[in-house]
Amino acid sequence: MSEKQPSFIGGHPVLDFVNTVAWRTEPTRRVERVSDAAGWLRWAVTAEVFSAVPDGELRSEDAELVDLVALRDALEAVLDAVTDGQPPPAPAWRALRLALLRAREAAALPPVLPLRWEPGTRDLTDLCHALALRAEELLAGPGASRVRRCAGPGCGWFFLDRTRAGTRRWCSSGDCGNRDRARRHYARTHPAAGR
């Protein structure tokens, strides 16, 4: 897990959004991978939430960043509960519900089928709305049962498990998976170290 650039291993933009924090479950190592408005808009394009960075001068209010991070925190708590087979915590669920209501209120609903809410693509508020609507899509569809949390110590990143047997354990076999294999190998070859 590089701690400088966002990673796109989640298999869904909402999971990659929550994964913009490195070492999510290890507070002393936790690192924000996207920290400013311009970075979030670049992230939105790379994640294919927006098709292009908006033209013109970027206006960003601190409140927009706060709302975006609050949505990420709420989704993190909801997804943790989903992967643990527990009901979502009430405060996180209320925050997600409110974000969905705001997103639908602000989005267009063109008169074409299939029906699909279309949020704007101008600023961080629009990004927040787009991610809330994508979260609704994910959590209301068959993908919700495929959401997993990385088993790597301290990682906690989310991903869609698309394996046939549903047994994927790590965000990345080449990253957290390799660390786990190295730990197990060391424990087998250095039994005295485990005592």
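Student: Which helices do the buried residues of α4 pack against?

Tutor: Keep in mind that this is a predicted model. The buried residues of α4 are Ala 92, Leu 96, Ala 99, Leu 100 and Ala 103. Viewed down the helix axis, they fall within an arc of 100 degrees, so they line one face of α4. What that buried set packs against is α3 (62-84) and α5 (124-140).

Student: And which residues are exposed on the other side of α4?

Tutor: We've just seen that the buried residues of α4 line one face of the helix. Turn to the other side and the exposed residues are Pro 91, Arg 94, Arg 97 and Glu 105.

Student: How far apart are the end C-alpha atoms of α4, and what span should its 17 residues have?

Tutor: Helix α4 covers residues 90-106, and we reckon 1.5 Å a residue. The expected span is 24 Å, which agrees with the distance between the end C-alpha atoms, 24 Å.

Student: How far apart in space are Asp 73 and Ala 92?

Tutor: Asp 73 lies in helix α3, while Ala 92 is one of the buried residues of α4. Asp 73 itself is partly exposed, at 37% relative accessible area. In sequence the pair is 19 residues apart, but C-alpha to C-alpha the distance is 7.7 Å.

Student: Which element gives the most residues to the largest nonpolar core?

Tutor: That core has 38 residues, and Trp 40, Trp 43, Val 49, Leu 71 and Leu 127 have the most contacts inside it. Elements giving it two or more residues include α1 (13-18), α2 (37-46) and β4 (158-160). With 9 residues, the top contributor is α5.

Student: Which residues is Leu 71 in contact with, leaving aside its neighbours within four places in sequence?

Tutor: Leu 71 is among the residues with the most contacts inside the largest core. One of its partners is Leu 96, a buried residue of α4. Setting those sequence neighbours aside, the full list is Phe 17, Leu 96, Ala 99, Cys 128, Leu 131 and Ala 132.

Student: Why is there no bond between the sulfurs of Cys 150 and Cys 176?

Tutor: A disulfide is a covalent bond between the sulfur atoms of two cysteines. To count here, the two sulfurs must be within 2.5 Å. Cys 150 is buried at 6% relative accessibility, and Cys 176 is buried at 2%. The closest cysteine sulfur to that of Cys 150 is the one in Cys 176, and it is too far for a bond, at 3.7 Å.

Student: How many disulfides does the structure hold, then?

Tutor: Cys 176 is in no disulfide, with Cys 150 holding the nearest cysteine sulfur. For the structure, the number of disulfides is 0.

Note on methods
Residues are numbered from 1 along each chain as its sequence is written. This is a predicted model: local features need pLDDT of at least 70, side-chain atom pairs count only at pLDDT 80 or more; totals for chains, interfaces and linings use all residues. Side-chain values use heavy atoms; hydrogens and water are left out. Helices (H or I, at least four residues) and strands (E, at least two) are DSSP runs, numbered from the N terminus. The expected span of a helix is 1.5 Å times one less than its number of residues. Buried means under 20% relative accessible area, exposed over 50%, partly exposed in between (1.4 Å probe, protein chains only). The arc is that of the directions from the helix axis to the C-beta atoms. Contact means heavy atoms within 4.5 Å. A nonpolar core is a set of buried Ala, Val, Leu, Ile, Met, Phe, Trp, Tyr and Cys residues joined through side-chain atoms within 4.5 Å.
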